[in-house]
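Student: I'd like to practise reading a model from its fold down to single residues. Could you walk me through one?

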Amino acid sequence: MSLKILDTCVNCDVCEPVCPNKAISLGEEYYVIDPALCTECVGHHGEPQCVVVCPVECIIVDPAHIETHGQLEDKYKHLMETKG
């Protein structure tokens, strides 16, 4: 499952630097997560780091991008292969 940042985001800048896949960027009004890059930190950490550091708890599972743990692992492997 990709994650999604809600419009309650206060643009505090803490989530972007902790994302190991560089999936988070500043959108027009608040930070956004690219579902093609988000693996919920699978392959890097035990839990999504953006969720851990978010002070306003505005990061949720994106119902429009539901993925299994296996699919997230496959996405992580693909991202690592294309990164190099």
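Student: Let me start with a single residue: where is Lys22 found?

Tutor: Bear in mind that this is a predicted model. Lys22 sits in the loop between E1 and E2.

Student: And what is the phi of Lys22?

Tutor: The general idea first: most residues other than glycine have a negative phi. Here, Lys22 has a positive value, near 55°. Asn11 is another non-glycine residue with a positive phi, about 55°, and Asn11 also lies in the loop between E1 and E2.

Student: Are those two buried or exposed, and why?

Tutor: Buried means under 20% relative accessible area and exposed means over 50%, with partly exposed in between. Lys22 counts as exposed because its relative accessibility is 64%. Asn11 comes to 29%, so Asn11 is partly exposed.

Student: Let's zoom out. In what order do the elements run?

Tutor: From the N terminus, read β-β-β-α-β-α. That comes to two helices and four strands.

Student: How do I judge the overall dimensions?

Tutor: Set the radius of gyration against what a compact globule of that length would have. For 84 residues that would be near 12 Å, and the protein has 12 Å, which agrees. The C-alpha trace spans about 35 × 25 × 25 Å along its principal axes.

Student: Which residues have the most contacts inside the largest nonpolar core?

Tutor: In soluble globular proteins, nonpolar side chains tend to be buried together. In this case the largest nonpolar core has 14 residues, and Ile5, Cys15, Ile24, Ile33 and Ile59 have the most contacts inside it. Strand E1 (3–5) and strand E3 (31–33) are the elements that give two or more residues to this core. Leaving aside residues up to four places away in sequence, Ile33 touches partners including Leu3, Ile5, Ile24 and Ile59.

Student: How much of the contact network is long-range?

Tutor: Take the contacts with a separation of 6 or more: 68% of them are between residues 24 or more positions apart. As for burial, 32% of the 84 residues are buried.

Student: One last residue: what does Ser25 touch?

Tutor: Beyond residues up to four places away in sequence, Ser25 touches Glu16, Tyr30, Tyr31 and Val32. Ser25 belongs to strand E2 (residues 24–26), and it counts as partly exposed because its relative accessibility is 35%.

Student: And the charges?

Tutor: There are 5 positive and 14 negative charges, and their mean positions are 7 Å apart.

Key
Residues numbered from 1 in each chain as written. Predicted model: local features only at pLDDT ≥ 70, side-chain atom pairs only at ≥ 80, totals over all residues. Heavy atoms only, no water. Rg over C-alpha atoms; globule rule 2.2 N^0.38 Å. Buried < 20%, exposed > 50% of the residue type's maximum accessible area, 1.4 Å probe, protein only. Contact = heavy atoms within 4.5 Å. Lys, Arg positive; Asp, Glu negative; His and termini not counted. Charge placed at Lys NZ, Arg CZ, Asp CG, Glu CD. Core = buried A, V, L, I, M, F, W, Y, C linked by side-chain atoms within 4.5 Å.
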